[in-house]
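User: Got a minute to go through a structure with me? I'd like to start with the metal site.
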Amino acid sequence: MRICRFDGGRIGVVKDDGVHDVTGCLDRLPALRYPYPLDDQLIAHLDELQPLFEAMAAAVPGLDMAAVRLENPVANASKVIGTPSNYKKHVEEAGRDPMIGQGRPRQTLKEAGFFLKANTSLCGAGDALVVHFADRRTDHELELAAVIGRKAKNVTEAEALDHVAGYTIGLDMTLRGAEDRSLRKSIDTYSVVGPWLVTRDEIDDPDDLDMTLRVNGETRQSSNTRHMIYNVAQQIAIASTFYTLLPGDIIMTGTPEGVGPVKAGDRMCAEIEKIGAMDIAVRD
Ligand code: MN
């Protein structure tokens, strides 16, 4: 199932004939009182909600996709986790380009660990990337994003994918410079996620998906998730030894080679097999 958020927090099921508004099903979510849980309630209850979404989607007409404004599919991510240097050819290009590598030795996940992006940096396919600090370089990083569905702590690699709700496309946008990654990658709109969440049952193998990013029609990144150094299950298992992963948490699984700058006026088109494609405007 493809689940989107649109037009101010409405929930839709995406089918070939458009977006079916199933927002009414959210009445089934528990009424909460302060202090609120940190996890995303829709994703935490997705197993119960999915049959309701299915029934309601069949009963209401589809809205034209071009007429809705798509939002980040995860309303309440407690954290956005980034996996660094996870494609060999990207590690190589970072070694060649001092703006990417910043002269630091490139270490992969087991040496360098994860980084966090602020959840306030999240935006969706219908939003624009707003370039900050236009005198500095802002680069695109196309990544498969895994959305956690069940609380995970110290899970094994074999159990890891059972803790995934689904997958979406992530753009781990990055301001180049000497500051800590958690600052440079946490700018508002620098975590584009969308166009929707594709539930886990539709993607048997997240480690074999073609991915492409074009800027103004020119292909910049073209790879397949099979080239990841640490696969999705390994990333979740390792992350869960440090963090408690909560429903709605997003793991950006690393970018392949071809990382490069964007500027105001550009248009990015990001596509991942079995998920879909999204067009993102870049503005200042
Ligand atoms: Mn990245």
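Analyst: Sure. Along the chain, the donors of the manganese ion follow the spacing E-x1-E-x28-D. Keep in mind that this is a predicted model.

User: Which residues are the protein donors of the manganese ion?
Analyst: Glu141 (OE), Glu143 (OE) and Asp172 (OD). They lie 2.0 to 2.1 Å from the ion.

User: Which strands hold glutamate 143 and aspartate 172?
Analyst: Glutamate 143 is in strand E10 (residues 142-148). Aspartate 172 is in strand E11 (residues 164-172). So the pair ties together parts that are 29 residues apart in sequence.

User: Are glutamate 143 and aspartate 172 buried or exposed?
Analyst: Both glutamate 143 and aspartate 172 are buried.

User: Switching to cysteines. How many disulfides does the structure hold?
Analyst: Zero. Cysteine 123 is in no disulfide. The nearest cysteine sulfur belongs to cysteine 269, and it is 15 Å away.

User: Why is there no bond from cysteine 269 to cysteine 123?
Analyst: Because the sulfur of cysteine 269 is 15 Å from the one in cysteine 123, its closest cysteine sulfur, and that is too far for a bond. The cut-off for a disulfide is 2.5 Å between the sulfur atoms.

User: Is cysteine 123 buried or exposed?
Analyst: Cysteine 123 counts as buried, at 5% relative accessibility. Cysteine 269 also counts as buried, at 16%. The cut-off for buried is under 20%.

User: OK, empty space next. How many cavities of 30 Å³ or more are there?
Analyst: One. The largest cavity has about 40 Å³ of space.

User: What lines the largest cavity?
Analyst: Ile3, Cys4, Arg5, Ile11, Leu42, Ile43, Pro73 and Leu197. Strand E1 (2-6) and helix H1 (41-44) are the elements that give two or more residues to this lining. E1 gives the most, with three residues.

User: How do the residues of that lining divide into nonpolar, polar and charged?
Analyst: Seven are nonpolar, one is charged and none is polar.

User: And how much space lies in the largest pocket?
Analyst: About 370 Å³. The largest pocket is lined by 24 residues.

User: Which of them are closest to the centre of the pocket?
Analyst: Pro84, Ser85, Arg104, Arg106 and Arg181.

User: What classes make up the lining of the largest pocket?
Analyst: It has 11 charged, eight polar and five nonpolar residues.

Conventions: Residues numbered from 1 in each chain as written. Predicted model: local features only at pLDDT ≥ 70, side-chain atom pairs only at ≥ 80, totals over all residues. Heavy atoms only, no water. Donors = N, O, S within 2.8 Å, 3.2 Å for Na, K, Ca; no water. Helix = DSSP H or I, 4+ residues; strand = E, 2+ residues; numbered from the N terminus. Buried < 20%, exposed > 50% of the residue type's maximum accessible area, 1.4 Å probe, protein only. 1 Å grid on protein atoms, 1.4 Å probe; cavity = no way out; pocket = protein on both sides within 12 Å on 5 of 7 lines; lining within 4 Å. Points joined across faces, edges and corners; volume = space filled by probe spheres on them. Nonpolar A, V, L, I, M, F, W, Y, C, P; charged D, E, K, R; others polar.
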